[in-house]
Every structure is written in C-alpha cells, then in structure tokens.
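Dear colleague,

I am handing over the structure we spoke about, and I would be glad if you could look through it with the notes below beside you.

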Amino acid sequence: MPWRTVTGEDIASKGTPELETVLKGVIDRRRFLDLIKDFIVFGDTGSDVAKILAGYHQFHAVRHAVTRTLAASAPQGDRKAGVIWHTQGSGKSLLMAFYARQIVKHPAMQIPP
C-alpha cells in the first residue's frame, strides 16, 4: 500500500510520486519508531505467519483517536471520543487492534496490567 501522507493532514492524490511522501512520512524518527513498535501485527495465513504493517490511514487514524480518547476521558473531558469511519476492506479490524493496544498500555488510562 502506498504511503500517501506525511502528517496525516493532507493526502497526496493518486499518481503523485510516492518516494518523497514515504520518506518524509515514515522515516521521520518519531513516526518510524512508533510504526515499528506499535503498528505491526502477525497473522496466520494457514500455511505461514505474515507480518502486517499498518497503512498510513490506520497509523494516523489511531494516533488521532488515541489523542481524542485521552482528552475525552480526562477528568474535565467531554466523554466524546468520536468515531473512525473507513470503507469495506480498509482494515478496520486491524485499526481497532492497534487502537485497543494503544489505549490499554497508555498510563493515563490507568488500566491495571
């Protein structure tokens, strides 16, 4: 899957050269470490195990959702964490797995180990 955004704000149109976007969007030190640490899962293919890396839309949606959830669940928060909307086949199940992992391990959520 191409990486079509640097920060998650502006999406490069299809057909735009991808090298600059992927280099700036993925190889940024903080984003790269987050991607490697928190956005890889392994899936059983039946005959092997596949390593699955989040797509740009999953990566940025989860980061935004975690920020919004932390603000909403704070003592003065509005309790409205929001909704992530994606189309069929976009990897919603993986997105929710990435999101749940982020929320469970975040110290502000105070979830016991």
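What follows is an account of what was found, going from the helices and the core to the surface and the salt bridges.

Please keep in mind throughout that this is a predicted model.

A convenient place to begin is helix α3, which runs over residues 56–73. At 1.5 Å a residue, its 18 residues should span 26 Å, and because the C-alpha atoms at its ends are 26 Å apart, the expected and the computed span agree. The buried residues of this helix are Y56, H57, Q58, F59, H60, A61, V62, A65, V66, T69 and A72. What covers them includes helix α2, at residues 29–38, and helix α4, at residues 92–105.

The largest nonpolar core has 16 residues, and the members that touch the most others are W3, L35, F39, V62, F98 and Y99. Helices α3 and α4 each supply at least two residues of this core, and α3 gives the most to it, with six residues. As for F98, leaving aside residues up to four places away in sequence, its contacts are D38, F39, I40, V41, A54, Q58 and V62. Two of these names, F39 and V62, also stand in the list of core members that touch the most others.

On the surface, L19, L23, I27, F32, L33 and I36 make a nonpolar patch of about 550 Å². Helix α1, at residues 19–26, and helix α2 each supply at least two of the patch residues, with α2 giving the most, namely three. One of the patch residues, L33, is found in helix α2, and it counts as partly exposed because its relative accessibility is 36%.

The structure holds seven salt bridges, and I describe some of them here.

Within helix α1, the side chains of K24 and E20 meet in a salt bridge, with 2.7 Å from N to O. K24 and E20 are four residues apart in this helix, and therefore about one helical turn separates them. An α-helix has 3.6 residues a turn, so residues three or four places apart point the same way. K24 is partly exposed, with a relative accessible area of 45%, whereas E20 is exposed, at 52%.

A second salt bridge joins the side chains of D34 and R63, at 3.6 Å from N to O. This pair links distant parts of the chain, given that D34 is in helix α2 and R63 in helix α3, 29 residues apart. D34 is buried, with a relative accessible area of 13%, while R63 is partly exposed, with a relative accessible area of 31%.

The side chains of R101 and D38 also meet in a salt bridge, at 2.8 Å from N to O. Because R101 lies in helix α4 and D38 in helix α2, the pair ties together parts that are 63 residues apart in sequence. R101 counts as partly exposed, at 42% relative accessibility, whereas D38 is buried, with a relative accessible area of 4%. Both residues belong to a network of salt bridges that links K37, D38, R101 and K105. D38 is, in addition, one of the residues that F98 touches.

With kind regards

Definitions and conventions:
Residues are numbered from 1 along each chain as its sequence is written. This is a predicted model: local features need pLDDT of at least 70, side-chain atom pairs count only at pLDDT 80 or more; totals for chains, interfaces and linings use all residues. Side-chain values use heavy atoms; hydrogens and water are left out. The expected span of a helix is 1.5 Å times one less than its number of residues. Buried means under 20% relative accessible area, exposed over 50%, partly exposed in between (1.4 Å probe, protein chains only). Contact means heavy atoms within 4.5 Å. A nonpolar core is a set of buried Ala, Val, Leu, Ile, Met, Phe, Trp, Tyr and Cys residues joined through side-chain atoms within 4.5 Å. Patches are made of residues with over 30% relative accessible area and no salt bridge: like charges are joined within 9 Å, nonpolar side chains (Val, Leu, Ile, Met, Phe, Trp, Tyr) within 5 Å. Accessible areas come from the Shrake-Rupley method with a 1.4 Å probe; for residues, only the protein chains shown count as cover. A salt bridge is a side-chain nitrogen of Lys or Arg within 4 Å of a carboxyl oxygen of Asp or Glu.
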